[in-house]
Structure formats: structure tokens, C-alpha cells
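Visitor: Please take me through this structure question by question, and give each criterion when it is needed.

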Amino acid sequence: GRIKVPPLTVIHVANALLTEDDIREKLHAKSELAATVPHMHSLEPSTANLINELVQSAGVRALKPTDQLASCIDQLRTEFTFDRHADTGASTLREFLQSRQGGDHLFATTAALMAQKLGLPSRLVTGFYVRPDAYEITAGHSCVQAEDVHVWAEVQLDDGRWFQIEPTPGYIPPHYK
């Protein structure tokens, strides 16, 4: 019921360690998901067509779902422009897909829909992204500011675990070792 996180609140981050090999071995497309993506049916037909065209133009002919997903994410990170002040850019998904410029919520939404089109279960996640240079060595923590609120997407592996994908340019993508 809080409007904001109180100052000096300590937030512990827990992240399951995944390797790229884990992802490659446990990420498989579910053909029934790609055929009946629930979110795609609720989109305007023109927007759904733009998502379909975007997935096709990403060159998803690769055999492995990990390579297909990487191709889609790379396309968003290189061919679209992040607008930190989303109110000056696109306000709808269709506008974002046409203008190729918008806020992180539109990048994450597009990435999640592209993953679902590939048959990969996905979801949107909201939280904080604190840049590495914001870490205060002497204090031993990072201060979280209002501008650190961020939206990204996650994709589910066959074993039920979720891993992050970062489609927004300017944010450091997860590195799986």
C-alpha cells in the first residue's frame, strides 16, 4: 500500500545463477503457444501484423530458440531508439513499432510478444535498474532513485525457471556465464 519505497530501505537482490548452456539446453519453443498467443489476439490486427513482420525481419530462421530470441532482442537493441522521456515518444505499441522509438515499457512489451510469437513463454517485469556507476563504495550500497524504475522481460525455461532479457538499448544485458 506504499506509494514509494522509503529512503534508506535495504533491498536484497536474489538471482538464480544460469549459464548460457543452461539456457540453450532448457529453452524450447512450444508450438501450441506460438499458434495461440493470448496477448496477440487482444491486439489490434495492425499491431499484431507489425509484431509478426518484426519477428520475420529479425531473421528467425535459426534452428535453436535461443538464437531466434537473441536475433529478436538484437534487432530491438540496434534498430530502435530508447526515449527516456516516454511522454515525448510513442504512447501506444503500434506507434512504437512504426516510429521505432519509445520507453522501456514498449521495448519490454515488444520483446515479450516476439518471444511468445516464437513459442516461448514470457512475461513483463518491473523493478529497479541501478547503474553500476551508482554504487557507493564507501557506503557499500547503491541509492535507488525514481529514475531507476525499469521494465524488462523474462522468458521461461522448460524447468520452470525464468531468465531476464534486456531489449532496451542503453541498459546492460544480462551476462550468463
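Visitor: Over how many bridges do β6 and β7 pair?
Guide: Helices (H or I, at least four residues) and strands (E, at least two) are DSSP runs numbered from the N terminus, and two strands pair if DSSP finds at least two bridges between them. Strand β6 comprises residues 149–156 and pairs with β7 in the antiparallel sense. The number of bridges is 4.

Visitor: At what pLDDT do side-chain atom pairs count in this model?
Guide: Residues are numbered from 1 along each chain as its sequence is written, and side-chain values use heavy atoms, with hydrogens and water left out. This is a predicted model, in which totals for chains, interfaces and linings use all residues, while local features need pLDDT of at least 70 and side-chain atom pairs count only at pLDDT 80 or more.

Visitor: Which residue in β7 is the bridge partner of A153?
Guide: The bridges can be followed residue by residue. Q156 has W162 of β7 as its partner. For A153, the bridge partner in β7 is I165.

Visitor: Which residue takes a positive phi in the hairpin of β6 and β7?
Guide: This hairpin has 5 residues between the strands. The positive phi is near 95° and belongs to G160.

Visitor: Why is one side of each edge strand left without a neighbour in the sheet, and which are these strands?
Guide: The sheet is open and has 3 strands in the order β3-β6-β7, with antiparallel pairing. A strand at the edge has a single partner strand, so one side of it lacks a neighbour in the sheet. The edge strands are β3 (122–128) and β7 (162–165).

Visitor: By what angle are neighbouring strands of this sheet turned against each other on average?
Guide: Axes are lines fitted to C-alpha atoms, for helices over the stretch in contact, and angles run from 0 to 180 degrees between N-to-C directions. For these strands direction is ignored, and the average is 40°.

Visitor: Which helix packs on the sheet?
Guide: Contact is defined as heavy atoms within 4.5 Å. The helix in question touches β3, β6 and β7, and its direction makes about 5° with that of β6. Comprising residues 104–117, it is α7.

Visitor: How many bridges join β3 to β6?
Guide: Within this pair, G127 stands opposite H150 of β6. The two strands run antiparallel, and the number of bridges joining them is 7.

Visitor: How many residues of β6 are buried?
Guide: Buried means under 20% relative accessible area, exposed over 50%, and partly exposed in between, with a 1.4 Å probe and protein chains only. β6 has 8 residues and is mostly covered. The number buried is 6.

Visitor: Which element gives the largest share of the largest nonpolar core?
Guide: A nonpolar core is a set of buried Ala, Val, Leu, Ile, Met, Phe, Trp, Tyr and Cys residues joined through side-chain atoms within 4.5 Å. The largest one has 33 residues, of which L27, L69, V155, F163 and I165 touch the most other members. Two or more residues come from each of α4 (45–57), α5 (65–79), α6 (93–99), α7, β6 and β7. The largest share, 7 residues, is given by α7.

Visitor: How many of the residues of α7 are buried?
Guide: The helix has 14 residues and reaches 20 Å from its first C-alpha to its last, close to the 20 Å expected; the expected span is 1.5 Å times one less than the number of residues. Its buried residues include L106, F107, L113 and M114. α7 is mostly covered, and the number buried is 11.

Visitor: How far apart in space are Q116 and L69, C-alpha to C-alpha?
Guide: Q116 lies in helix α7 and counts as buried because its relative accessibility is 6%. L69 is among the buried residues of α5. The two are 47 residues apart in sequence, and their distance in space is 9.9 Å.

Visitor: Is T47 buried or exposed?
Guide: T47 has its place in helix α4. Leaving aside neighbours within four places in sequence, T47 is in contact with L93, R94 and L97. Because its relative accessible area is 4%, T47 is buried.

Visitor: What percentage of the residues of the chain count as buried?
Guide: The chain has 7 helices and 7 strands. Residues 24 or more positions apart account for 63% of its contacts with a separation of 6 or more. Of its 177 residues, the share counted as buried is 38%.
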